[in-house]
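Me: I am new to reading structures. Can we go through some labels and test each one against its cut-off?

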Amino acid sequence: MPYVELRHSSGARLEVYLHGAHVTSWKNSGGREMFFVSKKSFFRPDTPIRGGIPVIFPQFGDGPLPKHGFARISEWTFLGAESAADGCLEAKFELRHSQESIKIWPHQFRLELVFRLGIDVLEIVFSVHNAGLSEFTFKNGLHTYFAAGDITGTNLEGLDGCKFIDFLSDPRPCLETRKNIDFACETDRVYPMAPDRLLLRHGAEGDAVIIEKQDMRDVVVWNPWIEKSMRMDDFGDDEYKNMVCVETGNLHENLTLLPGKTHISSSRFLKIAAGRGQ
Ligand code: BG6
(Lines give C-alpha, C1' and ligand atoms only; values in the text may rest on other atoms or scores of the structure.)
Protein backbone atom coordinates (compact mmCIF):
# COMPACT_ATOMS: atom_id res chain seq x y z
CA MET A 1 0.00 0.00 0.00
CA PRO A 2 1.36 3.46 -0.85
CA TYR A 3 2.98 5.64 1.78
CA VAL A 4 4.79 8.94 2.04
CA GLU A 5 8.21 9.11 3.68
CA LEU A 6 9.52 12.36 5.15
CA ARG A 7 13.29 12.62 5.61
CA HIS A 8 14.43 15.44 7.86
CA SER A 9 18.00 16.77 7.61
CA SER A 10 18.58 15.76 11.27
CA GLY A 11 18.15 12.12 10.27
CA ALA A 12 14.58 11.89 11.63
CA ARG A 13 12.15 9.91 9.44
CA LEU A 14 8.37 9.63 9.25
CA GLU A 15 6.27 7.13 7.29
CA VAL A 16 2.58 7.86 6.61
CA TYR A 17 0.31 5.47 4.70
CA LEU A 18 -2.49 6.90 2.55
CA HIS A 19 -4.63 4.15 4.07
CA GLY A 20 -5.94 5.94 7.16
CA ALA A 21 -3.32 8.75 6.92
CA HIS A 22 -1.70 6.28 9.24
CA VAL A 23 1.78 6.88 10.66
CA THR A 24 3.63 3.57 10.86
CA SER A 25 7.10 4.80 11.77
CA TRP A 26 8.74 7.75 13.45
CA LYS A 27 12.50 7.42 13.78
CA ASN A 28 14.23 10.04 15.87
CA SER A 29 17.44 11.74 14.76
CA GLY A 30 19.45 8.92 16.36
CA GLY A 31 17.59 6.34 14.23
CA ARG A 32 15.58 4.88 17.12
CA GLU A 33 12.00 3.82 16.32
CA MET A 34 9.54 5.65 18.57
CA PHE A 35 6.35 3.80 17.58
CA PHE A 36 5.23 0.19 17.72
CA VAL A 37 3.69 -1.68 14.76
CA SER A 38 2.68 -5.31 15.17
CA LYS A 39 4.57 -7.87 13.12
CA LYS A 40 1.14 -9.45 12.54
CA SER A 41 -0.58 -6.27 11.34
CA PHE A 42 -2.66 -6.68 8.20
CA PHE A 43 -1.89 -4.09 5.59
CA ARG A 44 -5.28 -4.38 3.87
CA PRO A 45 -7.83 -1.80 2.67
CA ASP A 46 -10.65 -3.11 4.86
CA THR A 47 -8.77 -3.14 8.18
CA PRO A 48 -6.84 -0.64 10.24
CA ILE A 49 -3.07 -1.02 10.58
CA ARG A 50 -2.21 -2.38 14.04
CA GLY A 51 0.19 0.10 15.60
CA GLY A 52 1.63 3.51 14.76
CA ILE A 53 -1.10 6.14 14.87
CA PRO A 54 -4.63 5.07 13.91
CA VAL A 55 -6.75 8.19 13.33
CA ILE A 56 -10.04 8.20 15.21
CA PHE A 57 -13.05 9.93 13.62
CA PRO A 58 -16.04 10.40 14.01
CA GLN A 59 -16.64 7.67 16.62
CA PHE A 60 -14.48 6.35 19.45
CA GLY A 61 -14.86 2.69 20.40
CA ASP A 62 -17.93 0.66 19.49
CA GLY A 63 -21.10 2.18 18.04
CA PRO A 64 -23.12 2.28 14.84
CA LEU A 65 -20.02 2.93 12.68
CA PRO A 66 -16.96 0.70 12.29
CA LYS A 67 -15.03 0.65 15.59
CA HIS A 68 -13.15 3.93 16.22
CA GLY A 69 -14.84 5.38 13.09
CA PHE A 70 -14.09 5.14 9.39
CA ALA A 71 -11.13 7.55 9.07
CA ARG A 72 -8.57 4.85 9.89
CA ILE A 73 -9.88 2.55 7.14
CA SER A 74 -10.40 5.25 4.48
CA GLU A 75 -8.03 6.14 1.65
CA TRP A 76 -6.76 9.69 2.21
CA THR A 77 -5.33 12.11 -0.35
CA PHE A 78 -1.75 13.35 0.00
CA LEU A 79 -1.79 17.10 -0.65
CA GLY A 80 1.98 17.63 -0.65
CA ALA A 81 4.96 18.33 1.59
CA GLU A 82 7.14 21.36 2.19
CA SER A 83 9.72 22.81 4.57
CA ALA A 84 8.30 25.21 7.12
CA ALA A 85 10.01 28.39 8.35
CA ASP A 86 10.83 26.74 11.71
CA GLY A 87 12.82 23.96 10.00
CA CYS A 88 10.10 21.29 10.26
CA LEU A 89 9.04 19.19 7.28
CA GLU A 90 5.27 19.35 6.84
CA ALA A 91 3.08 16.84 5.01
CA LYS A 92 -0.67 17.36 4.50
CA PHE A 93 -3.36 14.74 4.02
CA GLU A 94 -7.07 15.20 3.37
CA LEU A 95 -10.23 13.13 3.65
CA ARG A 96 -13.59 14.36 2.34
CA HIS A 97 -17.04 12.86 2.57
CA SER A 98 -17.86 10.42 -0.22
CA GLN A 99 -20.88 8.49 -1.42
CA GLU A 100 -19.75 5.60 0.81
CA SER A 101 -19.25 7.75 3.93
CA ILE A 102 -22.61 9.50 3.46
CA LYS A 103 -24.33 6.09 3.41
CA ILE A 104 -23.12 5.33 6.96
CA TRP A 105 -22.64 8.87 8.34
CA PRO A 106 -24.88 11.40 6.54
CA HIS A 107 -22.68 14.49 6.87
CA GLN A 108 -20.46 16.53 4.59
CA PHE A 109 -17.01 17.08 6.04
CA ARG A 110 -13.38 17.70 5.26
CA LEU A 111 -10.59 16.39 7.52
CA GLU A 112 -7.03 17.60 7.24
CA LEU A 113 -4.04 16.13 9.02
CA VAL A 114 -0.75 17.98 8.99
CA PHE A 115 2.30 16.03 10.13
CA ARG A 116 5.21 18.25 11.20
CA LEU A 117 8.55 16.50 11.60
CA GLY A 118 11.47 18.27 13.27
CA ILE A 119 14.57 17.34 15.24
CA ASP A 120 13.16 14.82 17.70
CA VAL A 121 9.70 16.34 17.54
CA LEU A 122 6.55 15.24 15.76
CA GLU A 123 3.47 17.45 15.74
CA ILE A 124 0.13 16.46 14.27
CA VAL A 125 -2.57 19.04 13.59
CA PHE A 126 -6.06 17.62 13.12
CA SER A 127 -8.71 19.84 11.46
CA VAL A 128 -12.36 18.86 11.17
CA HIS A 129 -14.46 21.04 8.87
CA ASN A 130 -18.24 20.89 8.60
CA ALA A 131 -18.90 21.35 4.87
CA GLY A 132 -22.63 20.70 5.14
CA LEU A 133 -25.71 22.75 5.98
CA SER A 134 -26.49 21.23 9.37
CA GLU A 135 -24.48 20.63 12.52
CA PHE A 136 -22.90 17.28 13.33
CA THR A 137 -21.36 15.68 16.40
CA PHE A 138 -18.08 13.75 16.44
CA LYS A 139 -15.18 12.43 18.43
CA ASN A 140 -11.61 12.59 17.12
CA GLY A 141 -8.18 11.53 18.21
CA LEU A 142 -4.80 9.92 17.69
CA HIS A 143 -4.56 6.34 18.96
CA THR A 144 -0.77 6.40 19.29
CA TYR A 145 1.15 3.16 19.95
CA PHE A 146 4.45 4.11 21.59
CA ALA A 147 7.24 1.54 21.40
CA ALA A 148 8.31 0.16 24.77
CA GLY A 149 11.45 -1.97 25.05
CA ASP A 150 9.93 -3.70 28.08
CA ILE A 151 6.54 -2.59 29.36
CA THR A 152 7.49 -3.36 32.97
CA GLY A 153 10.00 -0.49 32.80
CA THR A 154 7.52 1.96 31.24
CA ASN A 155 5.57 4.55 33.18
CA LEU A 156 3.39 7.55 32.47
CA GLU A 157 3.49 10.70 34.57
CA GLY A 158 1.03 13.59 34.67
CA LEU A 159 -2.36 12.04 35.40
CA ASP A 160 -2.29 11.90 39.20
CA GLY A 161 -5.25 13.68 40.73
CA CYS A 162 -7.32 13.11 37.55
CA LYS A 163 -10.62 11.27 37.33
CA PHE A 164 -10.71 8.21 35.11
CA ILE A 165 -13.24 5.68 33.91
CA ASP A 166 -12.08 2.10 33.70
CA PHE A 167 -13.51 0.39 30.60
CA LEU A 168 -12.70 -2.98 32.16
CA SER A 169 -14.76 -2.63 35.33
CA ASP A 170 -17.05 -0.22 37.10
CA PRO A 171 -18.12 2.66 34.81
CA ARG A 172 -18.18 5.09 37.78
CA PRO A 173 -15.32 7.64 37.75
CA CYS A 174 -12.36 6.90 40.07
CA LEU A 175 -9.47 9.09 41.16
CA GLU A 176 -5.95 8.41 39.86
CA THR A 177 -3.59 8.54 42.83
CA ARG A 178 -0.40 7.29 41.19
CA LYS A 179 2.26 9.82 40.26
CA ASN A 180 3.74 7.32 37.81
CA ILE A 181 1.33 4.93 36.15
CA ASP A 182 3.04 1.63 35.49
CA PHE A 183 1.81 -1.46 33.66
CA ALA A 184 1.38 -4.91 35.19
CA CYS A 185 -2.03 -5.98 33.83
CA GLU A 186 -4.59 -5.16 31.13
CA THR A 187 -5.19 -1.41 31.17
CA ASP A 188 -8.00 0.38 29.33
CA ARG A 189 -9.06 3.72 30.77
CA VAL A 190 -10.19 7.15 29.72
CA TYR A 191 -9.03 10.22 31.65
CA PRO A 192 -11.55 12.92 30.66
CA MET A 193 -10.28 16.52 30.63
CA ALA A 194 -6.71 15.36 31.23
CA PRO A 195 -3.75 17.74 31.58
CA ASP A 196 -2.14 18.89 28.34
CA ARG A 197 1.37 17.63 29.18
CA LEU A 198 2.40 14.08 30.09
CA LEU A 199 5.73 12.30 30.31
CA LEU A 200 6.15 8.73 29.07
CA ARG A 201 9.33 7.07 30.31
CA HIS A 202 10.83 3.80 29.17
CA GLY A 203 13.19 3.02 32.07
CA ALA A 204 16.70 4.36 32.27
CA GLU A 205 17.66 2.99 28.83
CA GLY A 206 14.86 3.99 26.46
CA ASP A 207 14.11 7.49 25.23
CA ALA A 208 11.41 9.36 27.10
CA VAL A 209 8.65 11.23 25.29
CA ILE A 210 6.84 14.39 26.33
CA ILE A 211 3.26 14.20 25.07
CA GLU A 212 1.52 17.54 24.65
CA LYS A 213 -1.98 18.22 23.37
CA GLN A 214 -4.11 21.22 22.48
CA ASP A 215 -7.89 21.22 22.21
CA MET A 216 -7.82 17.46 22.69
CA ARG A 217 -9.53 17.11 26.04
CA ASP A 218 -9.05 13.47 26.94
CA VAL A 219 -6.42 10.77 27.24
CA VAL A 220 -6.96 7.01 26.88
CA VAL A 221 -4.32 4.61 28.19
CA TRP A 222 -4.38 1.08 26.78
CA ASN A 223 -2.35 -2.09 26.98
CA PRO A 224 -4.10 -5.39 26.14
CA TRP A 225 -1.78 -7.55 28.30
CA ILE A 226 -1.62 -11.33 27.84
CA GLU A 227 -5.14 -12.71 27.34
CA LYS A 228 -6.47 -9.96 25.10
CA SER A 229 -3.27 -10.14 23.01
CA MET A 230 -3.94 -13.81 22.45
CA ARG A 231 -7.47 -13.01 21.24
CA MET A 232 -6.31 -10.45 18.67
CA ASP A 233 -5.62 -11.86 15.16
CA ASP A 234 -3.37 -8.99 14.11
CA PHE A 235 -1.24 -8.79 17.26
CA GLY A 236 1.46 -11.17 18.51
CA ASP A 237 0.85 -12.98 21.80
CA ASP A 238 3.89 -11.35 23.42
CA GLU A 239 3.76 -7.96 21.75
CA TYR A 240 1.95 -6.31 24.68
CA LYS A 241 5.43 -6.14 26.24
CA ASN A 242 6.62 -3.77 23.55
CA MET A 243 3.91 -1.12 23.35
CA VAL A 244 1.63 1.21 25.20
CA CYS A 245 -1.10 3.34 23.70
CA VAL A 246 -1.43 6.87 25.02
CA GLU A 247 -4.32 8.23 22.99
CA THR A 248 -5.02 11.96 22.81
CA GLY A 249 -8.27 13.39 21.55
CA ASN A 250 -11.86 14.30 22.15
CA LEU A 251 -12.74 10.74 23.02
CA HIS A 252 -15.10 10.89 25.97
CA GLU A 253 -17.93 13.20 24.96
CA ASN A 254 -19.03 14.27 21.49
CA LEU A 255 -18.16 17.69 20.15
CA THR A 256 -20.71 19.60 18.07
CA LEU A 257 -19.61 21.42 14.91
CA LEU A 258 -21.84 24.02 13.28
CA PRO A 259 -22.10 24.28 9.46
CA GLY A 260 -19.12 26.06 7.89
CA LYS A 261 -17.04 25.81 11.08
CA THR A 262 -13.66 24.12 11.58
CA HIS A 263 -12.40 22.47 14.77
CA ILE A 264 -8.60 22.37 15.11
CA SER A 265 -6.74 20.27 17.66
CA SER A 266 -3.22 18.93 17.88
CA SER A 267 -0.73 16.68 19.65
CA ARG A 268 3.01 17.05 19.87
CA PHE A 269 5.51 14.35 20.78
CA LEU A 270 8.96 15.41 21.88
CA LYS A 271 11.68 12.85 22.38
CA ILE A 272 14.04 13.53 25.27
CA ALA A 273 17.22 11.58 26.02
CA ALA A 274 17.23 8.31 27.94
CA GLY A 275 17.33 8.87 31.68
CA ARG A 276 16.09 12.46 31.53
CA GLY A 277 12.97 13.14 33.54
CA GLN A 278 13.80 10.21 35.90
C1 BG6 B 1 -8.65 1.49 22.79
C2 BG6 B 1 -9.89 1.00 23.47
O3 BG6 B 1 -8.79 2.84 22.50
O4 BG6 B 1 -8.48 0.79 21.56
C5 BG6 B 1 -9.77 -0.51 23.70
O6 BG6 B 1 -10.08 1.70 24.68
C7 BG6 B 1 -9.52 -1.21 22.39
O8 BG6 B 1 -10.95 -0.99 24.33
C9 BG6 B 1 -8.30 -0.60 21.73
O10 BG6 B 1 -9.34 -2.59 22.62
C11 BG6 B 1 -7.95 -1.22 20.36
O12 BG6 B 1 -9.05 -1.12 19.50
P13 BG6 B 1 -8.96 -1.77 18.07
O14 BG6 B 1 -10.29 -1.57 17.42
O15 BG6 B 1 -7.87 -1.05 17.33
O16 BG6 B 1 -8.62 -3.22 18.28
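Me: Where does Ala-131 lie?
Reply: In this predicted model, Ala-131 is in the loop between strand S8 (121-130) and strand S9 (136-142).

Me: Why is Ala-131 called partly exposed?
Reply: Its relative accessibility is 35%. Buried means under 20% and exposed means over 50%. The value falls in between, so Ala-131 counts as partly exposed.

Me: How far is Ala-131 from Lys-92?
Reply: They are 39 residues apart in sequence. In space they are 19 Å apart, C-alpha to C-alpha.

Me: Why is Thr-187 called buried?
Reply: Its relative accessible area is 9%. The cut-off for buried is under 20%, so Thr-187 is buried. This residue is in strand S15 (residues 187-191).

Me: What makes the pair Thr-187 and Cys-185 a polar contact?
Reply: A polar atom of the Thr-187 side chain lies 3.0 Å from the backbone oxygen of Cys-185. The limit is 3.5 Å, so the distance fits.

Me: What is notable about the phi of Ala-21?
Reply: It is near 45°, a positive value in a residue other than glycine. Most residues other than glycine have a negative phi. Ala-21 is in the loop between strand S2 (13-17) and strand S3 (22-27).

Me: Is Ala-21 buried or exposed?
Reply: Buried, because its relative accessible area is 0% and the cut-off is under 20%.

Me: Which peptide bond is cis?
Reply: The one joining Phe-57 and Pro-58, with omega about -10°. Most peptide bonds are trans. Pro-58 is in the loop between strand S4 (55-56) and strand S5 (77-83).

Me: What about His-68 in the loop between S4 and S5?
Reply: His-68 has a positive phi of about 65°, although it is not a glycine. At 8% relative accessibility it is under 20%, so it counts as buried.

Me: How do you know that His-68 makes a polar contact with the ligand?
Reply: A polar side-chain atom of His-68 lies 3.1 Å from a ligand oxygen. That is within 3.5 Å, so the pair counts. For the side chain of Lys-67, an N or O atom is 3.3 Å from a ligand oxygen. For Arg-72 the distance is 2.9 Å.

Me: How much of the ligand does the protein bury?
Reply: Taken alone, the ligand exposes 400 Å², and the protein buries 88% of that. The ligand sits in the largest pocket.

Me: Which classes make up the shell around the ligand?
Reply: Three nonpolar, two polar and six charged residues. Among them are Phe-60, His-143 and Asp-188.

Note on methods:
Residues are numbered from 1 along each chain as its sequence is written. This is a predicted model: local features need pLDDT of at least 70, side-chain atom pairs count only at pLDDT 80 or more; totals for chains, interfaces and linings use all residues. Side-chain values use heavy atoms; hydrogens and water are left out. A residue is near a molecule or strand if one of its heavy atoms lies within 4 Å of it. A polar contact is a pair of N or O atoms within 3.5 Å; within protein, one must be able to donate a hydrogen and the other to accept it, and residues adjacent in sequence count only if both atoms are side-chain atoms. Accessible areas come from the Shrake-Rupley method with a 1.4 Å probe; for residues, only the protein chains shown count as cover. On a 1 Å grid over the protein atoms alone, a cavity is a set of points where a 1.4 Å probe fits but cannot get out, and a pocket is an open set with protein on both sides within 12 Å along at least five of seven lines; lining residues have an atom within 4 Å of a point. A molecule sits in a cavity or pocket if more than half of its atoms lie within 2 Å of its grid points. Ala, Val, Leu, Ile, Met, Phe, Trp, Tyr, Cys and Pro count as nonpolar, Asp, Glu, Lys and Arg as charged, and the others, Gly among them, as polar. Helices (H or I, at least four residues) and strands (E, at least two) are DSSP runs, numbered from the N terminus. Buried means under 20% relative accessible area, exposed over 50%, partly exposed in between (1.4 Å probe, protein chains only).
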